[in-house]
Structures are given as C-alpha cells and as structure tokens.
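Biologist: Could you take me through this structure slowly, beginning with a pair of helices and then moving on to the strands?

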Amino acid sequence: MVKSELIARIVSKFQQLPEKDIELGINQILEHMSETLEKNGRIEIRGFGSFSLHYRPSRNAHNPRTGEKVVTIHKYAPHFKPGKQTRERINQSRAKNIPIIQDSREEEQAP
Amino acid sequence: MALTKAELAENLFKVLGINKREAKDLVEIFFEEVRSLLEQGHQIRLSGFGNFNLRDKRERPGRNPKTGKDVPITARRVVTFRAGQKLKARVEKYAESTTSATNIVGAS
C-alpha cells in the first residue's frame, strides 16, 4: 500500500476536510516528522510508537570489490520502536491468521 | 521535548490553516489508519519517508534476564520500519555537521 492509496482511504473516511487539505496535511505531517528527525529530535506518538535516531559508530570495513580497507564514517540511522498498542494489535492479526499482503510493486532501492 | 500528536496538529493549523479541531482529527486518523492497515496485513510505503514492513517470527530460545531461566520467545508478528533514501540522506547531513574535519575515508 503506497501513500496515495492511504490518502484515498482517509479521504473516504474523513468527509469534514476537502481532499486537497487531507493530501497536503498528510504530506505536512511527514515533513514535520522528517524535519524533527534530521535535527536529531524524537517523535512520540502515544500508542503508535516512537521515532528517533540511533548512532552508528565508525567501524573498520573493506571495499568488497577491491578488498581495500576503509574506515566508515559514523552516522545516524532513523529508528522506529512500535508502541504497545501497535505491537499487540499486529501480533493479534497473526493469531487470527490474517496473511501478510505482499505488494507486487518494487521496494525503494538503494542507489 | 519530543514531537507529539498535539504539536503535529498545531503545525497543520499554522502551516495549512486547517482549523484546530480538524487538524487534531487528521493527525489522529492518519496514525490510526496506518496501524489498522498493518493490522490487516498491509505493508505501507510512504515515499520520501519510509516503509513499514511486517514479519512473522518463529519461536526461538530466549532467557529471562532477571532470573536466568530459559524461556522460549513465542512466535509473533512484528512491524519494522525502514527509512527511505530521502529521509536517510537528510539525517546523514546531521551526522556530517557533527563530524570534525578529520581525515576519515567515507564509505557508503
């Protein structure tokens, strides 16, 4: 399920707002969340979960093609920790034998 | 202070001029919809932000860290988040700003 499909579902359920505002609103929510993470801020959505950056220290590695040794630069990676309600509800869907729906669309690829 | 639903709603009110009541409802319905879709077995891709994936885990051996007793970790379904390229790139700029100008070879 991609963002446009998610927005379409919300549009059909939330008649108080015009479609355009819902689309802009959801994009703004995601932008606000991205801005927070890029400043190393934390996001806490009660019951849903929290987002924060995890520090990845520099480490010794090597270029798999040339075998050349390199030291990777330390970095920060976005991390999501599901909240209790999210964890429980998702786990219950497994108990109810609800299958995981495989999306035929390609995943976002690393460059 | 962490970003919360209240601040996300306040930001929608300020940036888009959506009234406060509707802004609050939209933030609420957004997270609830993501969660309920995951609950129905849908994986969710939010382009520019990231993907929420589902994974079924088999039972595996574990241990109660307090008592040291062997306790199996039951089979379960979990959600994982993978940040998208755009978000990763934005976050990496933060790491760059915290790096002193030492001579490190960057590998991606």
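Modeller: Let us begin in chain A of what is a predicted model, where helix 1 of chain A passes helix 2 of chain A in a right-handed crossing. The residues that make this contact are Lys3(A), Ile7(A), Ile10(A) and Val11(A) on helix 1 of chain A, and on helix 2 of chain A they are Glu19(A), Ile22(A), Glu23(A), Ile26(A), Asn27(A) and Leu30(A). Sorted by class, the residues of this contact are six nonpolar, one polar and three charged.

Biologist: At roughly what angle do the axes of helix 1 and helix 2 of chain A cross?

Modeller: As a general idea, two packed helices are described by the angle between their axes and by the distance between the axes. Here helix 1 (residues 3-13) of chain A and helix 2 (residues 19-38) of chain A have axes that come within 10 Å and cross at roughly 130 degrees. Because of that angle, helix 1 of chain A counts as oblique to helix 2 of chain A.

Biologist: How should I read the corresponding features in chain B, and which residues make the contact of helix 1 with helix 2 there?

Modeller: The reading follows the pattern we have just used: the axes of helix 1 (residues 5-16) of chain B and helix 2 of chain B come within 8 Å and cross at roughly 130 degrees. Helix 1 of chain B is therefore oblique to helix 2 of chain B, and their crossing is right-handed. Helix 1 of chain B contributes Lys5(B), Leu8(B), Ala9(B), Glu10(B), Leu12(B) and Phe13(B) to the contact, while helix 2 of chain B contributes Lys20(B), Ala23(B), Lys24(B), Leu26(B), Val27(B), Glu28(B) and Phe31(B). By class, that contact has eight nonpolar and five charged residues, with no polar ones.

Biologist: Turning to the strands, in what order do the three strands of the open sheet in chain A lie?

Modeller: In general, the strands of a sheet pair through backbone hydrogen bonds, in either a parallel or an antiparallel way. In chain A, three strands form an open sheet with the order 1-2-5, and the pairing is antiparallel. Strand 1 and strand 5 (75-82) of chain A are the edge strands, each of them pairing on one side only. On average, and with direction ignored, neighbouring strands of this sheet are turned by 25 degrees against each other.

Biologist: How many bridges join strand 1 and strand 2 of chain A, and what does helix 2 of chain A touch on the sheet?

Modeller: Strand 1 of chain A and strand 2 (residues 49-56) of chain A pair over three bridges in the antiparallel sense, and within strand 2 of chain A the bridge partner of Glu44(A) is Ser50(A). Helix 2 of chain A packs on the sheet and touches strand 1 and strand 2 of chain A, with a direction that makes about 35 degrees with that of strand 2 of chain A.

Biologist: Which strands are the edge strands of the open sheet in chain B?

Modeller: The open sheet of chain B has three antiparallel strands in the order 1-2-5, and its edge strands are strand 1 (44-46) and strand 5 (76-83) of chain B. Neighbouring strands are turned by 20 degrees against each other on average, direction ignored. Eight bridges join strand 2 (residues 50-57) of chain B to strand 5 of chain B, where Asn53(B) stands opposite Thr80(B). Helix 2 (residues 20-39) of chain B lies across strand 1, strand 2 and strand 5 of chain B, and runs at about 140 degrees to strand 1 of chain B.

Biologist: Where in the hairpins of chain B is there a residue with a positive phi?

Modeller: One hairpin is formed by strand 1 and strand 2 of chain B with three residues between them, and in its turn Gly48(B) has a positive phi of about 90 degrees. In the hairpin of strand 3 and strand 4 of chain B, which has six residues between the strands, Gly68(B) takes a positive phi near 75 degrees. Four bridges join strand 3 (residues 60-63) of chain B to strand 4 (residues 70-73) of chain B, and Arg63(B) stands opposite Asp70(B).

Conventions: Residues are numbered from 1 along each chain as its sequence is written. Chains are lettered from A and ligands numbered from 1 in the order in which they are written. This is a predicted model: local features need pLDDT of at least 70, side-chain atom pairs count only at pLDDT 80 or more; totals for chains, interfaces and linings use all residues. Side-chain values use heavy atoms; hydrogens and water are left out. Two strands pair if DSSP finds at least two bridges between them. Helices (H or I, at least four residues) and strands (E, at least two) are DSSP runs, numbered from the N terminus. Axes are lines fitted to C-alpha atoms, for helices over the stretch in contact, and angles run from 0 to 180 degrees between N-to-C directions. Contact means heavy atoms within 4.5 Å. Angles under 35 degrees count as roughly parallel, over 145 as roughly antiparallel, 65 to 115 as roughly perpendicular and the rest as oblique. A crossing is left-handed if the near helix is turned anticlockwise from the far one by less than a right angle, and right-handed if clockwise. Ala, Val, Leu, Ile, Met, Phe, Trp, Tyr, Cys and Pro count as nonpolar, Asp, Glu, Lys and Arg as charged, and the others, Gly among them, as polar.
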